[in-house]
Amino acid sequence: MSSVKVSRWLKNAGMLALLLPAGWVTANTETKDTTSADNSQQGYERQVRVNDFINELVKDHEFDPEALQGLLTKAETKQSILDAISRPAERRLTWKEYSKIFLTSKRTHQGVQFMRKHRALLERAEMKYGVDKEVIVAIIGVETFYGRITGSYRVMDALSTLGFDYPPRAEFFRKQLKEFLILAREEGVDPFSLKGSYAGAMGMPQFIPSSFRAYAVDFDGDNKRNIWDNPADVIGSVANYFKVHGWEKNQPVVMKVKAEGEAYKEVLNKSLKPEHTVSQLAQLGFTSLQKTDYKGMANAIKLEGARGTEHWLGLNNFYVITRYNHSRLYAMAVHQLSQAIKKADQQE
């Protein structure tokens with residue numbers, strides 16, 4: 001049967017069901033199809049969520065209800081997205097394992113190439129936002145390998161799938177879908193033209209929609225904020241993100257330390273946010289292995305590296321990197337990649 005005939009048959013069958021006497025289907029079926037009933041209930045609940053979502057955007061943001069319904073109907077539910085976000089978490093990586101992914105000669109070399117190609121933009125961003133250019137480059141390098149791996153899902157499909165068909169985090173993703181639709185209207189783009197990760201992170205810096213609306217900038221003056229294929233806007237947006245979150249120019253990110261005694265163990269990996277002064281941590285048994293006069297707040301970090309246990313103090317700028325991704329390993333990878341790129345750029 002052709003797809004057209006199947007579609008017509010399904011439509012007619014649905015209309016016929018509305019005309020039949022109540023109870024006819026179950027009375028004339030040998031077994032009750034509980035799976036169909038469950039699917040029907042899930043479909044009803046999903047439609048209620050969709051209708052509530054539409055009503056919210058119409059009321060609060062003056063969207064056209066029919067246009068919204070058309071967009072959401074066109075969005076495709078992707079099982080591969082649900083599989084990706086629902087699969088059991090992989091075993092926790094150690095720093096030794098994690099660093100091998102990002103601290104490679106290839107990623108460093110291509111970071112140098114990216115920095116040299118866009119040096120003028122990076123230096124302008126550094127001057128305007130006070131964020132070191134190698135840190136901007138390292139973020140882009142860790143996130144998408146300098147724009148090579150940005151995601152192939154339509155953002156509409158990703159966010160609608162997770163917003164309406166993934167209960168554990170549906171509220172968060174519906175919020176991001178709302179932000180995305182507002183974003184598309186503000187930027188004057190077709191929402192189906194924008195692609196990203198299975199979780200709706202977008203472009204070279206992998207901004208989620210709320211981050212795009214809050215931090216993305218038009219850095220080349222073309223009246224668009226394009227983080228997909230415009231390096232100027234990508235660089236400016238990453239720099240702005242860091243500035244807003246409190247990056248301190250020309251300040252260290254971490255301090256390598258040795259730890260002695262027992263008291264220091266109580267504060268290891270307790271918080272991403274700096275909660276103790278460096279002097280307080282020194283009293284607990286941490287001694288700096290490098291010359292520094294940093295007197296700000298810090299937290300104590302323990303990592304399992306290639307040569308055994310490493311102890312670090314994460315300073316304010318380390319915390320700022322974790323605002324981009326709430327992971328000590330991520331922040332350390334960005335920092336060390338930035339330092340490798342800076343060193344390689346000076347040597348080559």
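Which hand, left or right, does the crossing of α8 and α9 have? In this predicted model, the crossing of the two helices is right-handed. A pair of packed helices is described by the angle between the axes and the distance separating them. For α8, which spans residues 119–129, and α9, which spans residues 133–144, the angle is about 115° and the axes lie 9 Å apart. The contact draws on Arg119, Leu122, Glu123, Ala125 and Glu126 from α8, and these meet Lys133, Ile136 and Val137 from α9. Sorted by class, the residues of this contact comprise four nonpolar and four charged ones, with no polar residue.

These two helices belong to a protein with 16 helices and seven strands. Of its 348 residues, 44% are buried. Contacts across the sequence are also a feature of the fold: when contacts between residues at least 6 apart in sequence are considered, 69% join residues at least 24 apart.

Phenylalanine 173 offers a close-up of the buried part. This residue is placed in helix α11, residues 170–187. Its relative accessibility is 2%, and because the cut-off for buried is under 20%, phenylalanine 173 counts as buried. Leaving aside residues up to four places away in sequence, phenylalanine 173 touches Ile85, Leu159, Leu162, Gly163 and Ala199. One of these partners, glycine 163, is 10 residues away in sequence, and the C-alpha to C-alpha separation from phenylalanine 173 is 4.6 Å.

Turning to the aromatic side chains, the model contains 15 aromatic pairs. In one of them, the ring centres of phenylalanine 212 and tryptophan 228 are 5.9 Å apart and the planes meet at 45°, so the pair is tilted. It links distant parts of the chain, 16 residues apart: phenylalanine 212 lies in helix α12 (residues 209–215), whereas tryptophan 228 lies in the loop between α12 and α13 (231–244). Phenylalanine 212 is buried, its relative accessible area being 0%. Elsewhere, Phe207, Tyr215, Tyr241, Phe242, Trp247 and Tyr324 come together as one aromatic cluster.

Aromatic rings also meet charged groups, and phenylalanine 145 is a nice example. The charged end of arginine 107 sits over the ring of phenylalanine 145, 4.2 Å from the ring centre. Arginine 148 likewise places its charged end over the ring of phenylalanine 145, in this case 4.6 Å from the centre.

Conventions
Residues are numbered from 1 along each chain as its sequence is written. This is a predicted model: local features need pLDDT of at least 70, side-chain atom pairs count only at pLDDT 80 or more; totals for chains, interfaces and linings use all residues. Side-chain values use heavy atoms; hydrogens and water are left out. Axes are lines fitted to C-alpha atoms, for helices over the stretch in contact, and angles run from 0 to 180 degrees between N-to-C directions. Helices (H or I, at least four residues) and strands (E, at least two) are DSSP runs, numbered from the N terminus. A crossing is left-handed if the near helix is turned anticlockwise from the far one by less than a right angle, and right-handed if clockwise. Contact means heavy atoms within 4.5 Å. Ala, Val, Leu, Ile, Met, Phe, Trp, Tyr, Cys and Pro count as nonpolar, Asp, Glu, Lys and Arg as charged, and the others, Gly among them, as polar. Buried means under 20% relative accessible area, exposed over 50%, partly exposed in between (1.4 Å probe, protein chains only). Rings of Phe, Tyr and Trp (its six-membered ring) pair if their centres lie within 6.5 Å; planes under 30 degrees apart count as stacked, over 60 as edge-to-face and the rest as tilted. A charge sits over a ring if NZ of Lys or CZ of Arg is within 6 Å of the ring centre and within 35 degrees of the ring normal.
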